[in-house]
Amino acid sequence: AKRIEKGPVPVVEALRIAEQMAEGLAHAHQRGVLHRDLKPANVFLCEDGRVKLLDFGLAHLLGTDGVSGAGTPKYMAPEQARGEEVDQRADVFAAGKVLGEMLGEKRPRRLERAVALATSSDPAVRPRDGQAWLDLLQATRNAAERPVRLRRVAMLAGIGVVLGGVVVGVV
């Protein structure tokens, strides 16, 4: 929350934080635990760069009664706010809201889609759990890095051609 107060988080940093949040959610979800109150104040940025999810005080075990309603309204999935039964996709909704908040209003197009999917009012559109959210974020990052890799390869190939021409010219 304090980092967001300083202004938009750079894309690379926001994506790194979001991926680590997703890893934390995936870990909880694989064990049948819903956080139900994910928000910037419950995401701790450690000095060593790691991200930790805090305050599982409203957490709930999947498959037991009473999974609805609790949470911070701004980050609650619509079905959670209506007091309906929720699943892991409610945590993904909150994580998408946090990522959107980190990025601010000027979001890169490549991340806008990920935020839109995570924060869809239709739970069926959202990634099913923390692992699916992590997979989407990593695919988004990999797609963004691909053009950089291609430009690097093209540049190296060009340098090779120039150097080859210089060597041939010298001989």
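**Figure 1. Overall view of the predicted model.** The accessible surface of the chain comes to about 9700 Å², and 57% of that surface belongs to carbon and sulfur atoms. The model shown is predicted. Its chain holds six helices and four strands. From the N terminus on, these elements follow the order α-α-β-β-β-β-α-α-α-α. Of the 171 residues, 39% count as buried. Among contacts between residues at least 6 apart in sequence, 61% join residues at least 24 apart.

**Figure 2. Close-up of the largest nonpolar core.** This core has 29 residues, and the members that touch the most others are Met21, Leu38, Val43, Leu99, Met102, Trp133 and Leu137. Two or more core residues come from each of H2, strand S3 (51-53), H4, helix H5 (109-118) and helix H6 (130-170). A second, separate core has five residues, among them Leu34, Ala77, Val86 and Ala90. In soluble globular proteins, nonpolar side chains tend to be buried together.

**Figure 3. Surroundings of Leu38.** Neighbours within four places in sequence are left aside in this view. The contacts of Leu38 are then Met21, Leu25, Val43, Leu53, Tyr75, Asp91, Ala94 and Ala95. Of these, Met21 and Val43 are also listed with Leu38 among the residues that touch the most other members of the largest nonpolar core. Leu38 also belongs to the lining of the largest cavity, as do Tyr75, Asp91 and Ala94.

**Figure 4. The largest pocket and its lining.** The space in the largest pocket is about 250 Å³. Its lining has 15 residues, and those nearest the pocket centre are Ala1, Lys2, Pro40, Val43 and Leu45. Helix H1 (2-5), helix H2 (11-30), strand S2 (43-45) and helix H4 (88-103) each give two or more residues to this lining. By class, the lining divides into 13 nonpolar residues, two charged and no polar. Val43, one of the residues nearest the pocket centre, is also a member of the largest nonpolar core.

**Figure 5. The largest cavity.** The count of cavities of 30 Å³ or more comes to one. The volume of the largest cavity is about 30 Å³. Its lining is made up of Arg36, Asp37, Leu38, Thr72, Tyr75, Met76, Gln80, Ala90, Asp91 and Ala94. H4 gives the largest share of this lining, with three residues. The lining residues divide into five nonpolar, two polar and three charged.

**Figure 6. Two residues with positive phi.** Most residues other than glycine have a negative phi. Arg36, which is not a glycine, has a positive phi near 70°. Arg36 is placed in the loop between strand S1 (33-34) and S2. With a relative accessible area of 11%, under the 20% limit, Arg36 is buried. Arg36 also lines the largest cavity. Asp55 likewise has a positive phi, of about 55°, and is not a glycine. The loop that holds Asp55 runs between S3 and strand S4 (60-61). Asp55 is partly exposed, at a relative accessible area of 44%.

**Figure 7. Glu79 and its contacts.** Glu79 sits in helix H3 (residues 78-81). Its relative accessible area is 4%, so Glu79 is buried. Apart from neighbours within four places in sequence, Glu79 is in contact with Glu84, Glu85, Val86, Ala90, Ser121, Pro123 and Arg126. Two of these contacts, Val86 and Ala90, are included in the second nonpolar core.

**Figure 8. Leu103 and Leu111.** Leu103 is in helix H4 and Leu111 in helix H5. Leu103 counts as buried because its relative accessibility is 4%. For Leu111 the relative accessibility is 0%, and this residue also counts as buried. Without neighbours within four places in sequence, the contacts of Leu103 are Pro8, Val9, Val11, Ala14, Pro108, Leu111 and Val115. On the matching rule, Leu111 touches Val11, Leu15, Leu103 and Thr140. Val11 is thus a contact of Leu103 and of Leu111. The C-alpha atoms of Leu103 and Val11 lie 6.7 Å apart, for a separation of 92 residues in sequence. Leu111 and Leu136 are 25 residues apart in sequence, with 9.9 Å from C-alpha to C-alpha.

Definitions and conventions: Residues are numbered from 1 along each chain as its sequence is written. This is a predicted model: local features need pLDDT of at least 70, side-chain atom pairs count only at pLDDT 80 or more; totals for chains, interfaces and linings use all residues. Side-chain values use heavy atoms; hydrogens and water are left out. On a 1 Å grid over the protein atoms alone, a cavity is a set of points where a 1.4 Å probe fits but cannot get out, and a pocket is an open set with protein on both sides within 12 Å along at least five of seven lines; lining residues have an atom within 4 Å of a point. Grid points are joined across faces, edges and corners, and a volume is the space filled by probe spheres set on the points. Ala, Val, Leu, Ile, Met, Phe, Trp, Tyr, Cys and Pro count as nonpolar, Asp, Glu, Lys and Arg as charged, and the others, Gly among them, as polar. A nonpolar core is a set of buried Ala, Val, Leu, Ile, Met, Phe, Trp, Tyr and Cys residues joined through side-chain atoms within 4.5 Å. Buried means under 20% relative accessible area, exposed over 50%, partly exposed in between (1.4 Å probe, protein chains only). Contact means heavy atoms within 4.5 Å. Accessible areas come from the Shrake-Rupley method with a 1.4 Å probe; for residues, only the protein chains shown count as cover.
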